[in-house]
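Me: I would like a close look at how the helices and strands of this model are arranged against one another. Please take me through it slowly, with the side chains that take part.

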Amino acid sequence: HYLSGGMPRRREEVFVQIALHRARELTVYISCNDLDPAVVDALRHDSLVISSEQSAVLVAPAHDVLEDWAILHWIEEQNVTHYGSLSELSATIGTHPALRRAYRKWVAELLEREPSAADRIFQAAVIEVGIPPQFRDDTLVSILKAPSAAEFLGRHITELLANNKNILMRVIHLLRVACVTMS
């Protein structure tokens, strides 16, 4: 019933902005002074965002699952907007821990949903110059933690063994450091 004035898209954009702002600042609430007040009120009315007890100007997504969805959705849009350029996607996501965590989840889901797209991201991560090392590692770790990691690595044996096995050595290092679970 909120179809007039482009409200569905406006609501989506504002909700994503709230999630991104909060993820970048690592704060519980963010100021919504620069956001469309009618949209914020509609989101609040539908229990998608909550306000701080101190001030109605401070808002946050009502649940972490909603925030995760918003950030994953944003990452997917950024990937499409940047035509699959991993270096541009890396620059857009930046070094914010919450966005990097969402990126790792997005890559793992992409591997299960669209293996060929994940193949392209892997190849870009290991071939493209200018990809920051932490972004390359985030990409590799998310692939290594995915349920189909063994099959994936088998498909990319050539890349793993190229250049004096540099990528294979990095994968082994990341398995030892980042893919360990506590029992």
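Reply: Helices (H or I, at least four residues) and strands (E, at least two) are DSSP runs, and they are numbered from the N terminus. Helix H9, for instance, covers residues 157-177 and contains Asn164. The model is a predicted one, in which local features need pLDDT of at least 70 and side-chain atom pairs count only at pLDDT 80 or more, while totals for chains, interfaces and linings use all residues. Residues are numbered from 1 along each chain as its sequence is written, and side-chain values use heavy atoms, with hydrogens and water left out.

Let us begin with the strands. Three of them form an open, antiparallel sheet in the order E1-E3-E2, where two strands pair if DSSP finds at least two bridges between them. E1 and E2 are the edge strands, each of which pairs on one side only. Strand E1 (residues 30-31) is joined to strand E3 (residues 58-61) by two bridges, and Ser31 has Leu58 of E3 as its bridge partner. On the other side, strand E2 (residues 49-51) pairs with E3 over three bridges, again in the antiparallel sense, and here Ile50 is partnered by Ala60. A hairpin of six residues leads from E2 to E3.

Helix H1 lies across E1, E2 and E3, and runs at about 100 degrees to E3; axes are lines fitted to C-alpha atoms, for helices over the stretch in contact, and angles run from 0 to 180 degrees between N-to-C directions. The loop between H1 (7-25) and E1 holds Leu26, whose phi is near 50 degrees, a positive value in a residue other than glycine. Leu26 is also exposed, with a relative accessible area of 58% (exposed means over 50%, buried under 20%, and partly exposed in between, with a 1.4 Å probe and protein chains only). Asn164 in H9 likewise has a positive phi, of about 60 degrees, although it is not a glycine, and it counts as exposed at 70% relative accessibility.

Now to the helices that pack on one another. Helix H4 (residues 86-93) and helix H5 (residues 97-113) pack at an angle of about 145 degrees, with their axes 10 Å apart. In this contact (heavy atoms within 4.5 Å), Leu86, Leu89 and Ile93 of H4 meet Leu99, Arg100, Tyr103 and Trp106 of H5.

Two of these residues lead on to the aromatic rings, since Tyr103 and Trp106 form one aromatic cluster with Phe135. Rings of Phe, Tyr and Trp (its six-membered ring) pair if their centres lie within 6.5 Å, and planes under 30 degrees apart count as stacked, over 60 as edge-to-face and the rest as tilted. By this rule there are three aromatic pairs. Phe122 and Phe152 make an edge-to-face pair, 5.2 Å centre to centre and with 90 degrees between the planes. This pair links distant parts of the chain, with Phe122 in helix H6 (residues 115-127) and Phe152 in helix H8 (residues 149-155), 30 residues apart, and both Phe122 and Phe152 are buried.
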